[in-house]
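User: Please take a close look at one part of this model, namely the charged side chains and their partners. I would like a single connected account that also says how much confidence the prediction carries.

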Amino acid sequence: MKINWGTGLVIGMVLFIGFIVFLVVKMTTNDKLNHDLVTEEYYKRELAYQDEIDAEKNSLSLSEKITGKRVEAGWQLTFPNEIDLSEVEGTVFLYRPSNKKLDFELPIQGSGSNLLIPDKNLLDGRWNITIAWSLDKNKYLYKNEIVY
């Protein structure tokens, strides 16, 4: 049987389309490949974005910026001297872009102006840190990327 160029072209296109369909089905049904959004409830958080902008402006109005550094016991955050952590209510959220299962949240507790994130919770690599707190009915927000 002799195949002309038109039949060969149709066979090639059908094989190519079949290959693409196979890849799409394999990629969407494989549990090892995770296609989550960056954050859960993305649209709900988007509605409150103006509040985040205002809170970030409040944190920029402080006399000093929050600083962080690696110490033997973990990651030490240093708040401005005007802030006493015993009067602050809030949380520290650490987000690991490479693995959602490593994300964790800590309450802000302590005295003075230093807060320690224990070494046992942190793996080497990149983390996004978000500190949300309130003090004297003002909300503050600090975001940064750290490499531990």
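Analyst: A good place to begin is Lys-143, which is partly exposed in this predicted model, with a relative accessible area of 37%. Its side chain meets that of Glu-52 in a salt bridge, with N and O 3.0 Å apart. Because Lys-143 belongs to strand S7 (residues 138-147) and Glu-52 to helix H3 (residues 49-60), this pair ties together parts of the chain that are 91 residues apart in sequence. The two partners fall into separate classes of exposure, since Glu-52 has a relative accessible area of 16% and is therefore buried, whereas Lys-143, at 37%, is partly exposed.

In total, the structure holds 3 salt bridges. Strand S7 takes part in another of them through Glu-145, which pairs with Arg-126 at 2.8 Å between the closest N and O atoms. Here Arg-126 lies in strand S6, so that the contact ties strand S6 to strand S7 across 19 residues of sequence. Arg-126 is partly exposed, and its relative accessible area is 37%.

The remaining bridge joins the side chains of Arg-70 and Asp-124, at 3.5 Å from N to O. It links distant parts of the chain, with Arg-70 in strand S1 (residues 67-71) and Asp-124 in the loop between strand S5 (114-118) and strand S6, a separation of 54 residues. Since the lower limit for exposed is 50%, Arg-70 at 47% relative accessibility counts as partly exposed, while Asp-124 at 54% counts as exposed.

Asp-124 also leads to a charged residue that stands outside this set of bridges. Arg-96, in the loop between strand S3 (89-95) and strand S4 (104-107), is buried and yet has no salt bridge, the nearest side chain of opposite charge being that of Asp-124, 7.3 Å away. What the side chain of Arg-96 does have is backbone oxygen around its polar atoms: the backbone oxygen of Asp-124 lies 3.0 Å from one such atom, and the backbone oxygen of Leu-123 lies 3.3 Å from a polar atom of that side chain. Asp-124 thus appears twice, with its side chain bridged to Arg-70 and its backbone oxygen beside Arg-96. Leaving aside residues up to four places away in sequence, Arg-96 touches Leu-102, Asp-103, Leu-123, Asp-124, Gly-125, Arg-126 and Trp-127; Arg-126 in this list is the partner of Glu-145 described above.

Strands S6 and S7, which the bridge between Arg-126 and Glu-145 connects, can also be followed into an uncharged setting. The structure holds 3 aromatic pairs, one of which is the edge-to-face pair of Phe-79 and Trp-133, with 5.5 Å from centre to centre and 85° between the planes. Trp-133 is in strand S6 (residues 126-135) and Phe-79 in the loop between strand S2 (74-78) and strand S3, so this pair ties together parts 54 residues apart in sequence.

As for confidence, the average pLDDT is 83, and 94% of the residues score at least 70. Among the elements, helix H1 (residues 5-29) has the highest mean, 93, and helix H2 (residues 42-47) the lowest, 76. Where pLDDT is low, the predicted coordinates should not be read in detail.

How values were computed: Residues are numbered from 1 along each chain as its sequence is written. This is a predicted model: local features need pLDDT of at least 70, side-chain atom pairs count only at pLDDT 80 or more; totals for chains, interfaces and linings use all residues. Side-chain values use heavy atoms; hydrogens and water are left out. pLDDT is the predictor's confidence in each residue, from 0 to 100. Helices (H or I, at least four residues) and strands (E, at least two) are DSSP runs, numbered from the N terminus. Buried means under 20% relative accessible area, exposed over 50%, partly exposed in between (1.4 Å probe, protein chains only). Lys and Arg count as positive and Asp and Glu as negative; His and the chain ends are not counted. A salt bridge is a side-chain nitrogen of Lys or Arg within 4 Å of a carboxyl oxygen of Asp or Glu. A polar contact is a pair of N or O atoms within 3.5 Å; within protein, one must be able to donate a hydrogen and the other to accept it, and residues adjacent in sequence count only if both atoms are side-chain atoms. Contact means heavy atoms within 4.5 Å. Rings of Phe, Tyr and Trp (its six-membered ring) pair if their centres lie within 6.5 Å; planes under 30 degrees apart count as stacked, over 60 as edge-to-face and the rest as tilted.
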